[in-house]
Structure formats: C-alpha cells, structure tokens
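Visitor: I would like to go through this model step by step, starting with how its chains meet. Please show it first.

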Amino acid sequence: MDPVTVGSPGSGSDPHVQAEMGRRRFVRLLLGFSLVSTVSMIITPIVGFLIPKKVEGASGGGKVLAAKVADLPAGSGKVVAMGSKPVVVVNGEGGVKAFSAVCTHLGCIVEFDATLKHIVCPCHDGHFSPASGAVVSGPPPKALATVNAVVEGDSIFLVAG
Amino acid sequence: MKRSRTRVAFLDRAFRIGVLSACAAALALVVAQTVLAESPSPSAGASGAASGSPAASGKASSGPTLSGSPSASALATATPKPGATAPAKIDGNTCYSCHTQIGGAQHTIADQWQASIHGQNGIGCADCHGGDPTSDKITVSMDPTKGFKGVPSRQQTVGVCGTCHSDVERMRQYQIPTDQYAKYKTSVHGQKLLLSNDTKVAICTDCHGVHDVKKASDPTSKVYPLNVPALCSSCHSDQKYMDGYNIPTDQLEIYKTSVHGQALLVNKDMRAPNCASCHGSHDAQPPTSTTVVEVCGKCHTATQALYDQSRHAELVNGPKCWTCHGTHDVVKPSEARFFHPTPPQIDCGTCHNLADKTLKLNADRFQNDEDRRCDTCHHVDSLLYSQAQGIKSALDKASSAYDLALTRIAAAAEAGMIVADADVTVTQSKTSLIQARAAVHTTKLTEVAAKADAAVAKAKEAQDFADARLAESQNRRQAMIIVVALIAVTILALVLLRRGLDHTYQAG
Amino acid sequence: MATQTTAAPNGVVQWFEERVRATALFNALLHVPIPVEAKTYYLGGITLFLFMVQVATGTLLSLYYKPTPEAAYDSVKYITSIVEFGWLIRSIHHWAANGMIIFLLLHVIRIFVQGVYKYPRELIWVFGALLFAVTIGFGFTGYLLPWDQKAFWATTVGTEIAAAVPFIGESLLQLLRGGPDVTDATLSRFFGMHVLVLPISLALLLAAHLTVVHQLGIANPKRPEPRPGQLPTPGLVQRWKPFFPHYVLDEVIAWAILLALLVVLASVSPAGLEDKADALVTPPHVKPEWYFLAVYQLLKVVPAIGPLTARDVGILIPMLAMVVLVTLPFLDKNPEVAKRKRPVALIIAAIVLIGMGILTWYGGQIPAVAVAAS
C-alpha cells in the first residue's frame, strides 16, 4: 500500500493525493462492509439450518405416529395423514392394519364403518376388507395398498416403505 | 508330479464311471418306459370299456327321453365324468368314426364336437341326435326306432338343450345354473319362437354355437362378456333381418360411444355392462320404466340408494334413471345436465291437469340428449326450478373452489415449491365434491349443499396452503434481491480494490 | 514485483509467524508469476469454488439426510419444507452441482483450445480428466439420493447404460446397483460413494492437479514451452504478471458473481421433489440427467457395425472417448499451441462437441418412455 504514496511525486498537500486518500478510505470502508455482509449472509442460513425444529412427530424419518393404542380400540378405525398421503388405520380381527385411504375407484378418501366392519368409500359405496384391503363390493377395481403399521408400546406407528 | 498324475488317473476313472452310469440310467429309463407304455394300454382299454358301456346304455335309454322329460334312468346310469371318459366316448362312438371318414363338413362337425365343452365332458352325438352309437351299421345306429331324430328343428333344439340343462342333478357337477330354459320361455326370443313359431329369433345355438359349444367363461366364446355386443348386433344391427320387428338397429353404434361401451370395448373393463347386463341373456327383454331403477342399481348401488330418497322416486310416473341419462347413449354426467342454454317454453298442460292442477306425469324417456334436463319439466317460474338452480349453484361453487385450489397448487408447484402436503386436503375436497354430485340424485338441496360446503371448506384450506407457499416464494425472491445487491456491493468493493492494485502495479 | 514479499511486521501476525513460520510457505504458494498472455477465464477456479460450496452445503445436508428408502424421501422433504433455509442449502447444492459440471466442461475446452495440455503439462491434464470422471460420478450418485420418482427412474435408465458394456455389462450393472434392480442396496451404495469415496478421491486428485500446476506455473498459450536443450525463441522476452493479489482478486470477483448466480437460481427455481420413488409406476418421461443424455441418446441412434451390435457401438464410442480424453496429451504429438497450426485437432474437437450438443438436445426432446426394454 505504501509504495504509491512514497513513489508519487509531490507531498501530502497535493489535491490529487488527497482525492486518492479519500478514495482509498472509501474502498476500505466498502470492503469492511462487504466482509461483514458476506460473512453474515453465509453464517445466517447455516445457523438457521442447524437449529432444530420443534415439530411433532418424526423429522422426516419415514415413521409416523398414527395413534395411541388406547384411542383405537378393537373394532374401530380412523384416517390419519402420513406425510402427504391419507392412511386408514384399523384395529380389526387381524390386529392393527393400515391401508392407503385413497379409494382405487375415483380417488375419494375412504372411511372405516364400525357397524359393517368394512372400510367404505363414501362416494360410490365401494367396500374393502379391513383385514387385507381387498375389494369386498362395489366399483373399486383393485385392493387398497397396504401400509406397514407397527405397534410399539402404547403407540401405533406407520412405516413408509 | 506323481501326485498330479494320480489326480489325472482319478479324474479319468471318475469320468468313465460317470459315462457308464449315465448309459445305465438311460437304458433303465427306456426299459421302464416300454414296460409302462405296455401296461397302461390294456388298462385304459379296460377302463374305457367299463365306463363306456354304462354311458352307451345311458344313451340308448336317453334317446327316447329327448322328446319327453329328462329320464331318471339317464341320470342313474349316464352321469358322465368330466374329462376322464372323453377318449372312451370316441372309442365306442361309431358316429364319430364314420363321420370323420366321410370327410368334408361332416369331419369338421365331428372335430368341432370333439373340441367342444360337450365333447370334452363326454356328451356324445346321440345325446342330442338320438340313435345308437354302439352299432357300426348305419341302419341300426341311425334307425329312427332307436330314437334317431337327425337335425332337430329350431323349436326342438331349445328342448334338446333344455333337457339336460334344466336338470339340476345332471348340471350340479358342472356348477352351472339350470334356469336357462325357464328364462328363455319368458324372453322376447322365446315367446316369439314358442308362441308365434317365429324361427328368426335367437335360439341356444345361435349364441352358444352348435357343435362347437364353449364355456361362457372362455374368452373366445361368443357369449364372453367382451364379445356379447358383437354377438347381439349380429342380428340386431342387421336392418334387413330386423325388418318387421319395428325396433331400431343402431343400438350398438350408440352403445359404442357411451361410457359403458367405451369402458367395455375400449378399456376391456369387464365390470362394464354389455347388452345382457341390462336386457338379460336367456330372459332377454328390454327393461321397463318399472324395472329400470333396479337394472341400473344392480351396479350403481350407492346412486340407487340416493335416488330412492328422492321426490322423483316417490312419484308414480316420475323420472327414472334413463329420463336424465338415456339408455344406450349414457354419457359422463356433468353440471351441464341441469339446464338448457335457454329454458324451453313448457306448456302447463304437459305435466298438469289444467282443471285441478294435479300432476299428470308422462315423462319417461327423451330421444334427444338435449331434452334430458331439469328445465324440460320444471318451468323457469316454478319453485322447483329455483331449487334445481340452488343445487346447481352449490355444485358450481364447490367445483370452482376445487378447481381454483388445483390451479393455485399448480402455480405454487410451478414456482418450485413443494406442495405434496396439500394432497390430503385436496383429496378430502374431491371426496366431498363427488359426494355432492352424487347427492343430486336425492333432489334435496340440503343434502347437496352440505357436501358442497364441505368440499368448498377443504378446497379453501388447500388453496390457503398453496397461497402460503406462493407468498413464501415471493419472500424468497425479495430476499434474493437484497442478497444480490449486497453481493454487488462486494463485487464493487473488490473491483475498486483491484483497480487500486493496478495503479500500484503500474506505479511500482 | 515477482519477488515481492508479504511483510509480517508485528502484532497478531507476528505472534503467529513466530510460532508457525508460515510466511515462507505462503510466499512460495502465492507469489508465483503468470505470463501476461495467459487467459484462464477463471474457469478452473470457479469449478474449485463450486466444489467448496458443495462440500459446505453437502456437509450441512448430511446432518438431516437419512439414506434409507423408508426415510430418504421424507428427510429430503423435511429439509426442503421444514428446516430453516433448508430449501436454500439444498437448492444451492443442486445448482452448484450442475454449475460444477458446466464450468468443468468449459475449463476442459479452454485448456484444449489453448493447447496448454502439451509438454510439460501432460500430467495436469491426466489428473484433470480423472477429476472430470469423479465429478460426473458425484452428479450420478447424488441424483438418486432424494429417492423421488425422477431420481429413481433416472438412475434406473442411467445404470442401464452400464449394462451395454460388452461381456461385463451385466456384472457392471449389478455392481453399480448392488443387485439386479435399483433398491435400498443401490441407495446405500450411492450414498457411500457420494459422501466418502468420491470426496476423498476428488480431494486427492485435486491436490495432485494443483500441486503440479503450482510447480509448473500457468502456461503461456501463445508459445510452446521450450524443451530442455532447445533455445528459447530469440528476441522474445517473457513478461509476467503477479498471481497474488491481482489474479486472486479477479478470481474472488468471479466467485462473488457465481455466488449471486447461485442465490438467484435457488430462489427462482428451487430444487423440487416429485412423488416418492415407486418401482411399480414408471412415469411417462423417464430420462437420465442432462449430462448423460448424449451417451444415452447415442446408444439409441448408432447403427450396428460389422460384428458389433448397435448396443456395443453405442457404449464403445463413449468408453473410447473417455480413454482418448485421459490420454490425449500422449496421443496428440503436435507440439504447436497456436490455433491455426493445429486445425485437425480443433476440427475434431468441434465436431465432437457439436455432436454431443445435438445428441443432448435430441435426448432431451424425445420422451424416453421405454426403459431400455430393448
């Protein structure tokens, strides 16, 4: 930095030198500002990224808490969201089972009918077996896809796969 | 070295043993086969004779019974065992051996029979044609006194088939119904044949084949569901053939364009109805206004349940399924089905007795699809018209809310946002929308509105989600501008610094 | 000026200098002369910058990512839609990956056109070509990790390319996939490659590449390097410019522009996520990542030649091309660097590049529905 001042002709009173000094101060100020802004621009997202989120359930772990066993007595069932997909969880004769809740006919969301002990689609009266997801009656062309459900302690989890 | 030599010797020995034992095994196999091939031959003959003779005697007695009722003796003696007795039939069947030797059409018939479901199950020539298949003398085997009756007439044919096929005991082993003959007698075909002696109508063999009868579940059979429209139309689309019956001949053409026809013929969806699904097969008859709801409701169970709650269902001559949806030309329903573009001017006398203003309904079916609308019967000024309007607008609101949600979600996805989490609410909205549309069959505004409102609420929820994503995308872009501006300042500072360096460099 | 030294007079710098004695090392590393004719366009440096961005963002992503088929998709979705700035980190990782391949390609083209891979810089080129292969490997393995439909099917058809290799194709395919199909085994394999094997390989190759570059200095694209015993052209004086701080500063400016570009791309077109991978549902438009399209398309359009099937030809051409790429300095014996003195090499390169461009464009146009069913 020094050679310029040393090498330049004239002394400190020269207006060119003064302008040069002012320019240099400005550049230094700008550089300082840039350094601070760049560092904060890089640090902010990283820190934000590292701070854990307080979200109920798993952190995208492929395992979703569907219900407490106590909330799903034998002979009942309910529809829960597993990520972005609705899933019907039933506690029937074959134990706790879970199926995709999207009807294979026109894509309505099915329900569990506790009286009939069937999974029923409200749109066109499609009936599915709560034991296997197979079509019992009505227009659905194929069975509901099975979703893995596991009981751990007092909780029922759905496992993606 | 020595070791390797012994190994070679060992391998050599092993190889020889292997070859020898392979030869021995092959020899044994040949011997065994010869022995086995010799032993079953007589036994097959024996069993053929054993099972053949009662069958033959059964036929001898079943011959005369053809004209009468199915005989008990036939049942007792000639219960054919599926498959097992088939070869025996040919062995002891002089009809087959002679007719194949004649060649030509006779040979073809014999071959067709052999390949048919009858041939495979040991139902022989004499079971339909009578005569004595055990004798190789034509004078005996085709002796009318032995029950030989040659080619049965069309009227007789129905009886010939019905003799066995209405016999519960006989048919039990095949697990097929026995009501075809009884049903046929009630069909338009049967009535015309048996009462008016009209031999142009369809009889058993026209649909099922004569000698080449196949199982109905055989996909190559003419009565297989996918093939039924072509089968029926082979007569019903023939203008010349149908001349004199005074019924249209364009049903198949119309059916092909309908949702049912498309599903069955294009998508090969076996659940879709063919002709027989609505008209019946053996009992073929057009559905009537009193039966049509049950006919459609056979598949459309949920819709029928809803319709049964409606005011329409309560009326004596009220509108039925086909009043709004048509018959062969059923198309995918939509909200356009509610009203004419411009409401028709209806004469009051069309539906009311002008004297006492009571209902005088004669709405049954409309030839033109454009007439199958609410305002064909409900006058624009009527209370019921406004109710229909209410139902339509509830549906319109729900479907436009649903569509809007989809558009917003698509826009958010377009902006690169992840919108999968809106799937559940969108599907819920769709579920309610479909239910609302189905609820139109109840003709109750409250039913429709309840479902439609639920659809709107869920659509709104999904739309809010998408809007939040869009807003988030906007925020990101604004933040991006600030960040880019800051980087621009940095670049400016660095460029200035660089220029200073150039000065220094040149100066130095 | 070439011998200029950075003064370390007092204070903190002095304190460290006494304890580390790094001044001499830094001087040796930074104060290297560059021929004034040298034009690098900062392409190699930008690629290096993008690699550093990948290391930083990749490390962050690995803190949330779960490499199992059950959890991979959900964890990526979680990163993208729940974690603060997760979308930014992931999108920058996504765009920097593409950028790395683009700038690497440009860097290779620059080196080739300037002819600076010739004596004595053959090894720099060889390390560079290997770096290219490793970078492609990064892209290929990283693409599967989100475990969505696009990732799954692009990997399915991408690995399918390997099956075309004569004799060992099927085994190679199995080796890549960890089995006959793309499964959880493939995901584990690709993850391990992506975060361990390839970064270590790249770091080692990069160290070798840069060490030799430092040792030999940046080449002068106007004149071939004089061989030992060969007299330099008379009357020509090589003029130099400093690497530090001038060149370094220019490089940093280029990096800042790239950073701005990455932020813009990440904000305007963030990394997406399709439906979760489903081996039973083939989406309508299956194709591999863009930098594989040329090879993928080549496999479809080449004819059979003699005893070789079309498939053999289609895979042998890129394999041969890779061998040629790595060994180029030893194949190209022409000592000249001036463009008009090496027309054949440049025309061949132009044809290859245009051909690849056309194939890539063509491959991008036609939806490749049939998943290599042939």
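Visitor: How many residue pairs are in polar contact between chain B and chain A?

Guide: The model is predicted, and a pair enters this count if both residues are at pLDDT 80 or more. Between chain B and chain A, the number of residue pairs in polar contact is four.

Visitor: Which helix gives the most residues to the side of chain B that touches chain A?

Guide: Helices α21 (301-308), α25 (423-439) and α26 (445-507) of chain B each supply at least two residues of that side. With 12 residues, the helix that gives the most is α26(B).

Visitor: By class, how many nonpolar residues does the side of chain B that touches chain A have?

Guide: Chain B brings 26 residues to the contact, and chain A brings 27 residues. On the side of chain B, four residues are charged and eight are polar. The nonpolar residues there number 14.

Visitor: What area do chain B and chain A bury between them?

Guide: Carbon and sulfur atoms account for 71% of the buried area. Of the part that chain B buries against chain A, 19% comes from B:R271, B:V424 and B:I434, more than from any other three residues. Between them, the two chains bury about 2,300 Å².

Visitor: Which side chains meet in a salt bridge, N to O?

Guide: Across the interface of chain B and chain A, the rule finds one salt bridge. The cut-off is 4 Å from a side-chain nitrogen of Lys or Arg to a carboxyl oxygen of Asp or Glu. At 3.1 Å, N to O, the side chains that meet are those of A:K85 and B:D423.

Visitor: In the six-strand open sheet of chain A, which are the edge strands?

Guide: The order of this antiparallel sheet is β1-β10-β9-β4-β3-β2. An edge strand pairs on one side only, and here the two are β1 (63-68) and β2 (76-82).

Visitor: What is the bridge partner of A:F99 in β9(A)?

Guide: Strand β4 (residues 95-100) and strand β9 (residues 146-152) of chain A pair in the antiparallel sense over two bridges. In β9(A), the partner of A:F99 is A:T146.

Visitor: Chain A also has a four-strand open sheet; what does its twist average from one strand to the next?

Guide: The strands follow the order β5-β6-β7-β8, with antiparallel pairing. At its edges are β5 (111-113) and β8 (135-137) of chain A. From one strand to the next, the twist averages 40 degrees.

Visitor: Which residue in β7(A) stands opposite A:I119?

Guide: Strands β6 (residues 118-121) and β7 (residues 126-128) of chain A pair over three bridges, in the antiparallel sense. Opposite A:I119 stands A:F128.

Key: Residues numbered from 1 in each chain as written. Chains lettered and ligands numbered in written order. Predicted model: local features only at pLDDT ≥ 70, side-chain atom pairs only at ≥ 80, totals over all residues. Heavy atoms only, no water. Contact = heavy atoms within 4.5 Å. Buried area = accessible area lost by both parts, 1.4 Å probe. Polar contact = N/O pair within 3.5 Å; in protein donor to acceptor, adjacent residues only side chain to side chain. Nonpolar A, V, L, I, M, F, W, Y, C, P; charged D, E, K, R; others polar. Pairing = 2+ DSSP bridges. Axes fitted to C-alpha atoms, helices over the stretch in contact; angles between N-to-C directions.
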